[in-house]
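Here are my notes on the model you sent over. I've put them as numbered points so you can check each one against the coordinates.

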Amino acid sequence: MDYDGAVKRIYIESLGCAKNQVDSELLLTYAMENGYERTEDVTEADVIVVNTCGFIESAKKESVDTFFSLHDANPDARIILAGCLAQRYGHDMDLEEADAIFGNRDLSLFPDVLEGREKLLIPEYPDPERERDDRKVLLNYPGSAYLKISEGCNHRCSYCAIPVIRGSLRSRPMDRIIAEAKRLIASGIYEINIVAQDLGAYGTDDGEPSRFVELMDKLSSLEGDFVLRMLYIHPDTFPSGLIELCQERKKILPYFDIPFQHADPVVLKAMKRTGNPEIYLGLINRIRTALPEAVIRTTLMLGFPGEDRKAFDTLLDFAENASFDWMGSFLYSREEDTPAYDMRGEEEHEKAHDRASRWQKELEKLQERITAERLERFVGKEYTALIEEKIEGEDLAIGRIYAEAPDVDGLTVIMGRGMEPGDRVRVGITRTRGVDLEGVLID
């Protein structure tokens, strides 16, 4: 409450990845503890927070555009630029419209920014034992939540600005992750989406072997009605024993998000990645042999320095042979403070970018066909679906089966009555429609 007894309202726009969303949920938690209520109408807000992404040029532009758009929508509100863009450039930004700029490494300091005690705060990480993990608000659809297990990254891929923004790998204490998972399960969360820059790197902060399989073993042994979805596993350090654990534990969804980025050995070496088509296809085949129902998603990068038509054809062949269920592609962004930045100048980069844009359309056309073919295997079978939205005035709802991760994959349109967001229902898949599935509610 403010001095005249009126409720203070906060609006937050969360941009970028799921890890950023977890940060937004924590920012809202701190705000609520300081007397604020969340509003989803920016025009009602007393404070606007833009939790930005600063990973690549397009994300930075979206962050800045969003900031000014929200400021224009409610110029009387205080507006805070937070998140990755603030962490990366905060000390150098000349942004008069911002009432405060706040980084993303120690979110416990947010009340100082929220209440106007700090105008520029770019903190370092606190002791892991002091970090909060009791979010009071979740921004997913009902029944689903993200669970972050680490910050930062030690891979140092030559194109990637994540170590600049988030720093080196900092794995969260395992007991705290498990305690947070228990709270999510107790609150009714069914789908726990495990996120990090690289799940497989969990526990390797000091050069020790990965502890990710151990963590998944403990998480999948917890009591309750829930499933675990793994998001982001680096292919060069795919954990030994993970496939076998997935065979044993039905609570771990057979869904693998593996960002291969490329397949040409020369390009991969320049990226400071160690794979090649044979190694990567071997990993895919091991997963699908052990888990025939497995779904594999990837991201592929186009336009990296050294990529010519031959390298792109290698990537096309790889995508054809890998037959990914889902694939996202993006164009290389020339980021300062990364090793790849000096591999070519800006003029050459722009030419390569234009060429890669044309190749991207070719790759996406191939993937559209592959995804359509892969989706056909679900037709005629029954699955559990988590309902996200009820369509008002219609006997249908929008949900997702195990093959569809939140926000990035297709959806399942379900015909039937009485379904509400957060419900888990059995659905019989009747057909595909583009990247979506259609089905009927099974009583």
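1. Let's start just past α1, where Gly35 has a positive phi of about 90°. Keep in mind throughout that this is a predicted model. The helix before that glycine, α1, runs over residues 18-33. With 16 residues, α1 spans 23 Å from first C-alpha to last, close to the 22 Å expected at 1.5 Å a residue. How many of the residues of α1 are buried? The count is 14 of 16, so the helix is mostly covered, with buried taken as under 20% relative accessible area.

2. Positive phi also turns up outside glycine. Most residues other than glycine have a negative phi, and two places here deserve a look on that account. Arg156 has a phi near 60° and sits in the loop between β8 (150-151) and α5 (162-166). Its relative accessible area is 36%, so Arg156 is partly exposed. Tyr232 is the other one I'd look up, with phi near 75°. Tyr232 belongs to the loop between β11 (227-230) and α8 (242-248), and at 21% relative accessible area it is partly exposed. The cut-off for buried is under 20%, so Tyr232 does not count as buried.

3. Now the salt bridges. The model has 38 salt bridges by the rule used. One of them joins the side chains of Arg166 and Asp23, at 3.0 Å from N to O. Arg166 is in helix α5 and Asp23 in helix α1, so to speak a link between distant parts of the chain, 143 residues apart. Are these two residues buried or exposed? Arg166 counts as buried because its relative accessibility is 5%, and Asp23 counts as buried too, at 3%.

4. Another pair to check is Arg229 with Glu191, whose side chains form a salt bridge at 2.9 Å, N to O. Here strand β11 supplies Arg229 and strand β10 (residues 191-195) supplies Glu191, which links distant parts of the chain that lie 38 residues apart. Arg229 has a relative accessible area of 1%, so it is buried. Glu191 is buried as well, with 3%.

5. Asp325 and Arg377 make a salt bridge in which the closest N and O atoms are 2.7 Å apart. Where do the two partners lie? Asp325 is in the loop between α11 (309-322) and β14 (326-331), while Arg377 is in the loop between α12 (346-375) and β15 (382-390), so the pair ties together parts 52 residues apart in sequence. The partners are covered to unlike degrees: Asp325 is buried, with a relative accessible area of 3%, whereas Arg377, at 22%, counts as partly exposed.

6. Beyond single pairs, there is a network of salt bridges to trace on screen. Which residues take part in it? The linked residues are Glu25, Asp133, Arg135, Arg172, Arg176, Glu180 and Arg183.

7. For unpaired charge, look at the surface. Asp72, Asp94, Glu96 and Glu97 gather there in a patch of negative charge. Glu96 is placed in the loop between α3 (84-89) and β5 (100-102). The relative accessibility of Glu96 is 71%, which is why it counts as exposed.

8. Two C-alpha distances are handy for orientation. Val49 is in strand β3 (residues 47-52), and it counts as buried because its relative accessibility is 0%. Leu70 is 21 residues from Val49 along the chain, and their C-alpha atoms are separated by 9.3 Å. For a wider view, take Arg88, which is in helix α3. At 11% relative accessibility Arg88 counts as buried. How far apart are Arg88 and Val440 in space, C-alpha to C-alpha? The distance is 48 Å, with the two positions 352 residues apart in sequence numbering.

Note on methods:
Residues are numbered from 1 along each chain as its sequence is written. This is a predicted model: local features need pLDDT of at least 70, side-chain atom pairs count only at pLDDT 80 or more; totals for chains, interfaces and linings use all residues. Side-chain values use heavy atoms; hydrogens and water are left out. Patches are made of residues with over 30% relative accessible area and no salt bridge: like charges are joined within 9 Å, nonpolar side chains (Val, Leu, Ile, Met, Phe, Trp, Tyr) within 5 Å. Accessible areas come from the Shrake-Rupley method with a 1.4 Å probe; for residues, only the protein chains shown count as cover. A salt bridge is a side-chain nitrogen of Lys or Arg within 4 Å of a carboxyl oxygen of Asp or Glu. Lys and Arg count as positive and Asp and Glu as negative; His and the chain ends are not counted. The place of a charge is taken as NZ of Lys, CZ of Arg, CG of Asp or CD of Glu. Helices (H or I, at least four residues) and strands (E, at least two) are DSSP runs, numbered from the N terminus. Buried means under 20% relative accessible area, exposed over 50%, partly exposed in between (1.4 Å probe, protein chains only). The expected span of a helix is 1.5 Å times one less than its number of residues.
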